[in-house]
Amino acid sequence: MKVILEEQGLRDGFQTLEQVISTEKKLDYINRLVDAGVTRLQIASFVHPKLVPQMADAEELCKRVKKKEGVVYSGLVLNIKGVERGIEANLNHLACSISASHTHSQKNARLTLAEAKNTFKAMVKLSKNHGITVRGGIQCAFGCRYEGKIDEQHVLDMVDHHLDTGIDELALADSTGMGNPKELGDLMFKVVEKAGNIPVILHLHNTENKGYANFYAALQAGVHIFDTAFGGLGGCPFIKSATGNIATEDTAHFAKQMGYETGLDINKIATISKETEATLGHKLPGQLYQLVDNNDIKMI
């Protein structure tokens, strides 16, 4: 069975780093990730550069990347201005995302939840009018560091809201890493059922060391597309104590051991993580890349 991993390292992975990664290095990583078999990448977010300096080159990066046929290159947008920038950057896939948490919505997008839902409709409409494929996202779907537990019915109501706008894909995010396998698996089963033919994506963080258990639970619930970041990089500037995504190479290895195929060259991705460790001067949260030392990872 096939599992698709969407690489988030260029966006979620880099956005909280103090050290700014050059556009040239980002382009090199994109090309190498595609060469390693990655077919979906979120390469930038169209947010204010003063708030997230790492994304200041979003338009330049998107315009300069050499797109390979069959590969999805996407950008994250949180408002109408972001959609307009994504259109200008010649992207044909945008991730329009709002939060299930009232407090996080105000911190992340400076919008109340009611305002965010109305803005979301407008973002989808504008994107679709320009022939852009839309991934509709719900952040903090499994918990909020400011508000605590997010009511399941509230999340399901937001799922209905998103589906009613005509999105092409639906994504739920455990932005704070607070989800647990039992509750997350139960909710994702209901979401997959609601979505029908609309692909469902899960974005997992490993903040409480449950990311991989949640990955397994979601697989059992029928989810087969997941966001990951090489080396386990990631985090949100507007969430207290946010840490990285589940690591691409670790997740691909885990999936392979269970009989799922990702099409990824784990060694090539682990090598990128190893280089990033050297660039940043500290270890990354991922585990598997640390086994790379001029030799291929031996896997069972």
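## The second largest pocket

In this predicted model, helix 8, which spans residues 181-195, supplies the largest share of the lining of the second largest pocket, namely three residues. The pocket encloses about 230 Å³ of space, and its lining is made up of 13 residues, among which Ala-141, Phe-142, Lys-149, Ile-150 and Glu-183 are the ones that lie nearest the centre. Sorted by class, the lining of this second largest pocket contains six nonpolar, three polar and four charged residues.

## The enclosed cavity

Beyond that pocket, the count of cavities of 30 Å³ or more comes to one. The largest cavity has a volume of about 50 Å³, and two elements, strand 4 (93-99) and helix 5 (102-108), each give two or more residues to its lining. Of the contributors to the lining of the largest cavity, strand 4 gives the most, with three residues.

Ten residues line the largest cavity, and those nearest its centre are Ser-97, Ile-98, Ser-99, Ser-105 and Ala-109. The lining of the largest cavity divides into five nonpolar and five polar residues, with no charged residue present.

## Helix 4 and its two ends

Helix 4 covers residues 80-88, and its buried residues are Gly-82, Val-83, Arg-85 and Gly-86. When helix 4 is viewed down its axis, these buried residues fall within an arc of 160°, so they line one face of the helix. The partners against which the buried residues of helix 4 pack are helix 3 (58-64), strand 3 (72-77), strand 4 and helix 6 (113-129). Strand 4 is thus a packing partner of helix 4 and also the element that gives the most residues to the lining of the largest cavity.

At the start of helix 4, a side-chain oxygen of Asn-79 comes to within 3.4 Å of the backbone nitrogen of Lys-81. Just after helix 4 stands Asn-90, with a positive phi of about 65°, in the loop that runs between helix 4 and strand 4. Asn-90 has a relative accessible area of 53%, which places this residue in the exposed class.

## Helix 10 and what covers it

Helix 10, made of residues 248-257, is mostly covered, with seven of its ten residues buried. The buried residues of helix 10 are Thr-248, Glu-249, Asp-250, Thr-251, Ala-252, His-253 and Ala-255. The elements that cover these buried residues of helix 10 include strand 1 (4-7), helix 9 (211-220), strand 8 (225-228) and helix 11 (266-280). After helix 10 comes Gly-259, whose phi is positive and near 95°.

## Asn-245, in the loop before helix 10

Asn-245 is located in the loop between strand 8 and helix 10, and with a relative accessibility of 2% this residue counts as buried. Its side chain makes a polar contact, at 3.2 Å, with the side chain of His-203. When residues up to four places away in sequence are not counted, Asn-245 touches Gln-8, Asp-12, His-203, Leu-204, His-205, Asn-206, Thr-228, Ala-229, Gly-232, Leu-233, Gly-234 and Gly-235.

## Asn-209, in the loop before helix 9

Asn-209 has a phi near 65°, a positive value in a residue other than glycine, and a phi near 65° is likewise found at Asn-90. The loop that holds Asn-209 lies between strand 7 (200-204) and helix 9, and at 64% relative accessibility Asn-209 counts as exposed. Helix 9, at one end of this loop, is among the elements that cover the buried residues of helix 10.

## Ile-4 in strand 1

Ile-4 belongs to strand 1, an element that is itself included in what covers the buried residues of helix 10. With a relative accessible area of 27%, Ile-4 is partly exposed. Leaving aside neighbours within four places in sequence, the residues in contact with Ile-4 are Thr-39, Arg-40, His-224, Ile-225 and Phe-226. Ile-4 and Leu-202 are separated by 198 residues in sequence, and their C-alpha atoms lie 11 Å apart in space.

How values were computed: Residues numbered from 1 in each chain as written. Predicted model: local features only at pLDDT ≥ 70, side-chain atom pairs only at ≥ 80, totals over all residues. Heavy atoms only, no water. 1 Å grid on protein atoms, 1.4 Å probe; cavity = no way out; pocket = protein on both sides within 12 Å on 5 of 7 lines; lining within 4 Å. Points joined across faces, edges and corners; volume = space filled by probe spheres on them. Helix = DSSP H or I, 4+ residues; strand = E, 2+ residues; numbered from the N terminus. Nonpolar A, V, L, I, M, F, W, Y, C, P; charged D, E, K, R; others polar. Buried < 20%, exposed > 50% of the residue type's maximum accessible area, 1.4 Å probe, protein only. Arc of directions from axis to C-beta. Contact = heavy atoms within 4.5 Å. Polar contact = N/O pair within 3.5 Å; in protein donor to acceptor, adjacent residues only side chain to side chain.
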